[in-house]
Amino acid sequence: MVRRSGWVRAFVAGMVAAQVGACSSIPRVGYSAEQAAAAVVPGMDPGVRAYADASESTFNGMVARQDAKTSRFAYLALSGGGGDGAYGAGILNGWTASGTRPEFSLVSGVSTGALIAPFAFLGPAYDATLTEIYTSGIASTLVQSPSVTNVLFGSGLFGDGRLRDLVGRFVTPDLLVAVAEAHAKGRRLLVVTTNLDSQRAVIWNMGAIATSGGPNAVGLFRDVLTASASIPAVFPPQLIDVQDGPKAFQEMHVDGSVVTPVFTLPQSFLLKDGSLRGKVGKSDIYVVINGRLEPEFDLAQNNTLSIVERSFTTASRSRSRATLASTYAFTRANGIGFNLTYIDETAPNTTAARGFDTGYMRKLYQDGYEKGRTGSFWFRTVPTAPLVKAIVAAR
């Protein structure tokens, strides 16, 4: 069973083993940067995806088109976080129970947030599915019986396809029909992966995939969700078939949080000079961070594994706070409601088992559910420093 930040430990162990097994890597068909830039997914419209650092105009087809005069634009952004996704699942279920959960105009997901995203997008009818994924014990099977052999001669500690099998269990042709119907109404579902070949985050328009009608639609939908949650060296990457004219090749996609822990807005929006007032209408953004943002004191052991693990989690939280700070500034400048929830100091087992431990996930789910049900879960700003009382308590 994976303990405290266990997937990070598995990641580090996998990286070490990967260095040993580098000479045993599986060969791939080569392609050029020019071909990468022109690549399209067979059977799909080119607009089905875009790089996160693309121009503002590129995202015009990826925004909800509901009439701003008759409905409030509600955007839900779901972060990565492994087993901590149980918190987000609990928040959504509790939010439903409160009777105040809106229909989302736009939902984005990264990593475990990508696994949540389709069901959050489709609404309360799929709440039971989220409960099953994060509390039944299914998730814990993803990280049972790791094999260094898989890293040496494959591409992940858990290289037997179990993550994609889990995705396939819940992502059915009927689910794609439901996503396509919502997409036709102007709502949008976006998922983020990392293209390792190009070293860039990719934004996938999942509704466009669902409505394509192509024979590869279900498979591609599953591949994108799996790729977004595929922690490098822990789960194998997803090789996605693309082509540039007659040239066919595969791109390597992994966990979207390699580039961005949470996707709120494209870089072209966050870096935009000036205001969008008068263009965005009445809007709210709801950001669910499936993890902790505030620094936690813990004595780092003087060994390689502990140092790398601590550095990794520190960097991830720092990047999350930076993204949130940029998003908050953007919303303030444009009159958009900003709402943030994350796993705070009141959450259970802050120093005990974490990762995909089923008991921990159930408690975390319940914590999220109670916060969502009572409405006591939104912060209107971004935490910037550790709590003073935590320092005092440590003395």
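Where does Ser111 lie? Ser111 is found in the loop that runs between strand E3 (106-110) and H4. The legends below describe a predicted model, starting with the whole chain and then moving to close-up views.

**Figure 1. Overview of the predicted model, with 14 helices and 9 strands.** The protein has 395 residues, of which buried residues make up 52%. Among contacts with a separation of 6 or more, 79% are between residues 24 or more positions apart. The mean pLDDT is 82, and 78% of the residues reach 70 or more. Over residues 1-5 the pLDDT is below 50, and this stretch has 23 contacts in the model beyond near neighbours in sequence. The pLDDT is also below 50 over residues 274-278, a stretch with 9 contacts beyond near neighbours in sequence. Where pLDDT is low, the predicted coordinates should not be read in detail.

**Figure 2. Close-up of Ser111, a residue other than glycine with a positive phi.** The phi of Ser111 is about 60°. Most residues other than glycine have a negative phi. Ser111 is buried, with a relative accessible area of 5%. The loop that holds Ser111 joins strand E3 (106-110) to H4.

**Figure 3. Close-up of Gln199, where phi is again positive, at about 55°.** Gln199 is not a glycine. The residue sits in the loop between strand E4 (188-195) and strand E5 (200-205). Is Gln199 buried or exposed? With a relative accessible area of 69%, Gln199 is exposed.

**Figure 4. Surroundings of Leu78 in strand E2 (residues 73-78).** Leu78 is buried, its relative accessible area being 0%. Leaving aside residues up to four places away in sequence, Leu78 touches Val107, Ser108, Gly109, Val110, Gly113, Ile116, Ala117, Ala120, Val262 and Val288. One of these partners, Val288, is 210 residues from Leu78 in sequence, yet the two C-alpha atoms are 5.0 Å apart.

**Figure 5. Packing of helix H4 (residues 112-122) against H10.** The two axes come within 6 Å and cross at roughly 140°. H4 and H10 are therefore oblique to each other. From H4, the contact involves Ala114, Leu115 and Pro118; from H10, Phe221, Leu225 and Ser228 take part. Sorted by class, the contact of H4 with H10 has 5 nonpolar residues, 1 polar residue and no charged residues.

**Figure 6. Packing of helix H8 (residues 173-184) against helix H10 (residues 217-228).** The angle between H8 and H10 is about 85°, and their axes are 10 Å apart. The two helices are therefore roughly perpendicular to each other. Pro173, Leu175, Leu176 and Val179 of H8 meet Ala217, Val218, Phe221 and Arg222 of H10. Of the residues in this contact, 7 are nonpolar, none is polar and 1 is charged. Phe221 of H10 is listed in the contact with H8 and also in the contact with H4.

**Figure 7. Salt bridge between Arg169 and Glu132.** The closest N and O atoms of this pair are 3.1 Å apart. Arg169 belongs to helix H7 (residues 162-170) and Glu132 to helix H5 (residues 127-135), so that the bridge links distant parts of the chain, 37 residues apart. Arg169 is exposed, with a relative accessible area of 51%, while Glu132 counts as partly exposed at 31%. A search of the whole structure finds 11 salt bridges.

**Figure 8. Salt bridges of helix H13 (residues 358-374), including the pair Asp367 and Lys371.** The closest N and O atoms of Asp367 and Lys371 are 3.4 Å apart. The two residues are 4 positions apart in the helix and therefore separated by about one helical turn. Asp367 and Lys371 are buried. Together with Asp344, they are linked in a network of salt bridges. Another pair in H13 consists of Glu370 and Arg373, with closest N and O atoms 2.7 Å apart. Being 3 residues apart, Glu370 and Arg373 are also separated by about one helical turn. Glu370 is partly exposed at 30% relative accessibility, and Arg373 is partly exposed at 40%.

Note on methods. Residues are numbered from 1 along each chain as its sequence is written. This is a predicted model: local features need pLDDT of at least 70, side-chain atom pairs count only at pLDDT 80 or more; totals for chains, interfaces and linings use all residues. Side-chain values use heavy atoms; hydrogens and water are left out. pLDDT is the predictor's confidence in each residue, from 0 to 100. Contact means heavy atoms within 4.5 Å. Axes are lines fitted to C-alpha atoms, for helices over the stretch in contact, and angles run from 0 to 180 degrees between N-to-C directions. Angles under 35 degrees count as roughly parallel, over 145 as roughly antiparallel, 65 to 115 as roughly perpendicular and the rest as oblique. Ala, Val, Leu, Ile, Met, Phe, Trp, Tyr, Cys and Pro count as nonpolar, Asp, Glu, Lys and Arg as charged, and the others, Gly among them, as polar. A salt bridge is a side-chain nitrogen of Lys or Arg within 4 Å of a carboxyl oxygen of Asp or Glu. Buried means under 20% relative accessible area, exposed over 50%, partly exposed in between (1.4 Å probe, protein chains only).
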